[in-house]
Protein chains: 2
Amino acid sequence: MSLDEARSWWLETPPGVTVVACSDDGTLLGSAKAGPNRPGRGSHVATASFMVTAAARRRGVGRALGKWALDWAREQGYAAMQFNAVAATNTVAVARWQELGFTVIGIVPEAFDSASHGRVGLHVMHRHLEA
Amino acid sequence: MSLDEARSWWLETPPGVTVVACSDDGTLLGSAKAGPNRPGRGSHVATASFMVTAAARRRGVGRALGKWALDWAREQGYAAMQFNAVAATNTVAVARWQELGFTVIGIVPEAFDSASHGRVGLHVMHRHLEA
């Protein structure tokens with residue numbers, strides 16, 4: 001992937017935003033991006049995506065980025081946040097988002113081709129945001 | 001909307017495709033676009049979007065375009081088709097897609113700001129495609 005391709009893939013344009021999480025010594029731990037899930041008449045619902053570096057797993061980085069995304073969306077006035085595609089096999093993520101108030105709206109069957117498990121479901125997850 | 005914006009919004013790039021439906025005398029009746037719903041390990045599931053001109057409503061154009069999209073996706077080897085956002089108030093579309101074999105995977109609450117009904121649910125709809 002070229003730098004331009006990476007920019008296009010991960011760097012949000014306004015009103016969306018991309019952030020990185022770093023340790024105190026400046027080591028990159030992960031990144032999150034957030035913005036409207038749909039244009040126009042669906043733009044009051046936010047979505048977000050997350051990456052955590054392999055070295056930083058199981059240290060609460062995903063949870064911290066998730067909380068950041070919820071705070072950001074609340075401040076921006078979004079009414080809810082929706083994740084479109086949480087792999088059923090990513091049980092850590094599914095449980096984390098449930099702990100952060102998300103519910104599973106539905107599961108798209110066999111929609112993710114897991115390298116280790118073959119085709120597994122993708123959870124659509126959602127939570128309202130209090131004002 | 002400028003022509004470039006319209007192109008960017010509606011004209012798919014490969015492997016996606018955009019088509020128009022015309023009457024025998026060449027009048028534009030509607031348009032459909034189809035392609036992968038997600039990149040990478042989700043790209044075996046297709047999605048599609050549809051527009052029908054106001055003058056052509058209730059003449060089966062949406063159904064014909066839906067059947068075209070299913071045939072196209074089958075020919076391209078997709079395993080399933082997913083619609084991400086069918087407004088709950090668009091009962092004609094919800095019923096049409098159910099007749100064409102789609103089921104409602106889930107409903108994202110209050111995710112579409114209908115001009116006439118306020119915030120209503122968005123149906124996520126899905127069907128497998130036989131080989």
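Me: Which strands of chain A does helix α2 lie across, and at about what angle does the helix run to β2(A)?
Reply: This is a predicted model. Helix α2 of chain A covers residues 61-75. The helix lies across β1, β2, β3 and β4 of chain A, and its angle to β2(A) is about 30°.

Me: Where does helix α3 of chain A lie, and at about what angle to β4(A)?
Reply: Helix α3 spans residues 91-99 of chain A. The helix lies across β4 and β6 (118-128). Relative to β4(A), helix α3 runs at about 165°.

Me: Which strands stand at the edges of the sheet in chain A?
Reply: Six strands make an open, mixed sheet, ordered β1-β2-β3-β4-β6-β5. Two of the strands have a single partner each, so one side of each lacks a neighbour in the sheet. Those edge strands are β1 (17-22) and β5 (103-114).

Me: In what sense do β3 and β4 of chain A pair, and which residue of β4(A) stands opposite A46(A)?
Reply: β3 covers residues 45-52 and β4 covers residues 80-87. Two bridges join them in the parallel sense. Opposite A46(A) stands M81(A).

Me: What axis relates chain B to chain A?
Reply: A turn of 180° with a shift of 0.0 Å along the axis lays chain B on chain A, at an RMSD of 0.0 Å. That is the relation of a two-fold axis.

Me: Which C-alpha of chain B is nearest the axis?
Reply: The distance from the axis to this atom is 2.3 Å. The C-alpha belongs to G106(B).

Me: What ipTM does the predictor give the complex?
Reply: Chain A averages a pLDDT of 95. For the complex, the pTM is 0.90 and the ipTM is 0.86.

Notes: Residues numbered from 1 in each chain as written. Chains lettered and ligands numbered in written order. Predicted model: local features only at pLDDT ≥ 70, side-chain atom pairs only at ≥ 80, totals over all residues. Least-squares fit on C-alpha atoms with pLDDT ≥ 70 in both. pLDDT = per-residue confidence, 0-100. Pairing = 2+ DSSP bridges. Helix = DSSP H or I, 4+ residues; strand = E, 2+ residues; numbered from the N terminus. Contact = placed C-beta atoms within 7 Å. Axes fitted to C-alpha atoms, helices over the stretch in contact; angles between N-to-C directions.
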